[in-house]
Amino acid sequence: MISLVVTADTKNYNPAERDQAFENMLIQFKQPFEIIYVANSDYGNLQALRDIVKDKNNRQLIVTAPSTNINTQIYNAFDYTNNGDVLLATMDTNVELVGEMLKRHIDGADLVFVKKQENWFKSMFVALGQVTYQMGLKLLGRGRDMCCEPRVVLLNNRSINTIILNPTLSKALRLVNPDPERSARVVSRKAIFDNPTTEQKNSNNTFLALGVVSTFYLIALLVMAIVFPLSNSGVYTYWIFIALIIWVLLGIIGSVVSAKFVYDARLGIPVAVNLAGEPVINIVEQFYNGKQIVENIEDKNEKATEPKQPKENKIKKATKSVKENIKQEVSTKLSPNEEASITPTTPSPAEIPIETSVEETKGNVEETKENATEQQNVDKPTTKTTKAQKTTSTKSTKAKKSTTKSSTKKPAISKIKGTKSAKTKKN
């Protein structure tokens, strides 16, 4: 099966017409196929893509969050293919070019890459820049870049599985040959996109600039290595020999630095991964064979949201339920007489301000409950103490009566202070 993955990022085309053009091209090869569209939720023609996938069975639509980068979108789409060969394209990729890539694949090429063709003069500097770039990559220990368009490529199922297992190398495996054991072909076309952007038009400008710099570097090297000795009777002086060594070292360092810069720029933003190395992908919507598998998160949240009740009603209901619970708990612990004497004082709903939360009301009632329990614990020991005092007083009375019979009563000592002052001696 051929899976055509289309990244929708341009509004220049009618999605329905473009889908029909892709379908007509795929039907010519008489092989089973599917078309998978991947777009962000802020894509302008998203509703048109929804209508396309709802009407046809061999279509998929994957909608990701607005902040999702293109590499994450492509990786996500690869993960939802049906374990077959994948042809990656964009909405504005030339349909004839896509057909030519499929033709090369049917003729025996497992991987097909696309390269932008330049005129003969510009292509010389581009080729020299690519040689310098490849030399720098080799010194860095990286694979050979195909220097092709990474958003239009045909990969076999083995390459797709390799990319899925290595999310951090998702785009790197589209820049290099991910399966060197398989045969690969390169298609050169002047027009890869029907309406290319400025960046797509100038995709080879980086290699062009690197080629121009490399040309001047080689001219200076030839002057120091050949022209100067010839003009000096074929004798290398000490300082020219040192200058040659320094110049070669500068060339190596320059190729490594430029290769790293160009390679990082071609990679772009990588696929986001967590600490476990798993990709972090936010799928908002998904349609498969005319059915919606994942609903729109925003619509789902709106349906699940219930109408909010006024705060006053919530406070009244909460206060009522808390009062009833406290009465039940206190009635089970206190006797009928004590229950009548102790009544929890809770603020009425009218006295509670609207901004007061239900939690504060519960806290006040719980404090009242604790005070009632403490009052109950204080009253019980007091009752026991009075009974003990009664028995003690009764015993002391009996003892006094017995002592009165046996002994005479002593005069009581007055504790009242006298009002007369002390006498003073007269002289």
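**Exercise 1. The second largest cavity**

Task: In this predicted model, find which residues line the second largest cavity and how the lining divides by class.

Solution.
Step 1. Sort the lining by class: seven residues are nonpolar, one is polar and none is charged.
Step 2. Put names to the lining. The residues are Ile2, Leu26, Phe29, Gln31, Pro32, Phe33, Leu102 and Ile106.
Step 3. Assign the classes. Gln31 is the polar residue, because Gln is not in the list of nonpolar or charged types.
Step 4. Add the volume, which is about 40 Å³ for the second largest cavity.
Step 5. Place this cavity in the whole structure, where a search finds two cavities of 30 Å³ or more.

**Exercise 2. The two largest pockets**

Task: Describe the largest pocket by its volume and lining, then do the second largest pocket by its volume and lining.

Solution.
Step 1. Start with the volume of the largest pocket, about 770 Å³.
Step 2. Turn to its lining of 32 residues, in which Glu149, Pro150, Lys171, Glu199 and Ser203 are the closest to the centre.
Step 3. Trace the lining to its elements. Two or more residues come from each of α3 (70-79), β5 (111-116), α8 (198-201), α9 (205-231) and α10. The largest share, four residues, belongs to α10.
Step 4. Count by class: the lining of the largest pocket holds 10 nonpolar, 12 polar and 10 charged residues.
Step 5. Move to the second largest pocket, with a volume of about 330 Å³. Its lining has 16 residues, and Thr132, Ser214, Tyr217, Gly251 and Ser255 lie nearest the centre.
Step 6. Trace this lining too. At least two residues come from each of α5, α9 and α10, and α10 gives the most, with seven.
Step 7. Count by class again: the lining of the second largest pocket has 10 nonpolar and six polar residues, and no charged ones.
Step 8. Set the class counts side by side. The largest pocket has 10 charged residues in its lining, whereas the second largest pocket has none.

**Exercise 3. A nonpolar patch on the surface**

Task: State which residues form the nonpolar patch and which elements give two or more residues to the patch.

Solution.
Step 1. List the members: Met135, Leu139, Tyr238, Phe241, Ile242, Ile245, Ile246, Val248, Leu249, Leu250 and Ile252. Together they have about 1100 Å² of accessible area.
Step 2. Name the elements that supply two or more of these residues, α5 (120-140) and α10 (238-267). Nine residues, the largest share, come from α10.
Step 3. Take one member from each helix. Ile242 lies in helix α10, and Met135 in helix α5.
Step 4. Check their exposure. Ile242 has a relative accessible area of 33%, so it is partly exposed. Met135 is also partly exposed, because its relative accessibility is 45%.
Step 5. Look at another position that Met135 approaches. The C-alpha atoms of Met135 and Val256 are separated by 7.7 Å, although the two residues are 121 residues apart along the chain.

**Exercise 4. Salt bridges around Glu23**

Task: Find which residues are linked with Glu23 in a network of salt bridges, and work out why the pair Glu23 and Lys56 ties together parts that are apart in sequence.

Solution.
Step 1. Note the total for the structure, 16 salt bridges.
Step 2. Examine Glu23 and Lys56, whose closest N and O atoms are 3.1 Å apart. Glu23 lies in helix α1 (residues 15-27) and Lys56 in the loop between α2 (46-55) and β3 (59-64), so this bridge ties together parts 33 residues apart in sequence.
Step 3. Compare exposure. Glu23 is buried because its relative accessibility is 15%, while Lys56, at 24%, is partly exposed.
Step 4. Examine the bridge between Glu23 and Arg59, at 3.2 Å from N to O. This pair links helix α1 with strand β3 across 36 residues. Both Glu23 and Arg59 are buried.
Step 5. Join the pieces: Asp19, Glu23, Lys56 and Arg59 are linked in a network of salt bridges.

**Exercise 5. A salt bridge inside one helix**

Task: Determine where Lys260 and Asp264 lie and how their side chains meet.

Solution.
Step 1. Identify the contact: the side chains of Lys260 and Asp264 meet in a salt bridge, 3.2 Å from N to O.
Step 2. Locate the residues. Both lie in helix α10, four residues apart, which is about one turn of the helix.
Step 3. Check exposure. Lys260 is partly exposed, with a relative accessible area of 41%, and Asp264 is partly exposed at 34%.

Key:
Residues numbered from 1 in each chain as written. Predicted model: local features only at pLDDT ≥ 70, side-chain atom pairs only at ≥ 80, totals over all residues. Heavy atoms only, no water. 1 Å grid on protein atoms, 1.4 Å probe; cavity = no way out; pocket = protein on both sides within 12 Å on 5 of 7 lines; lining within 4 Å. Points joined across faces, edges and corners; volume = space filled by probe spheres on them. Patch = residues over 30% accessible without salt bridge, like charges linked within 9 Å, V, L, I, M, F, W, Y side chains within 5 Å. Areas by Shrake-Rupley, 256 points an atom, 1.4 Å probe, with all protein chains shown as cover. Salt bridge = Lys/Arg side-chain N within 4 Å of Asp/Glu carboxyl O. Buried < 20%, exposed > 50% of the residue type's maximum accessible area, 1.4 Å probe, protein only.
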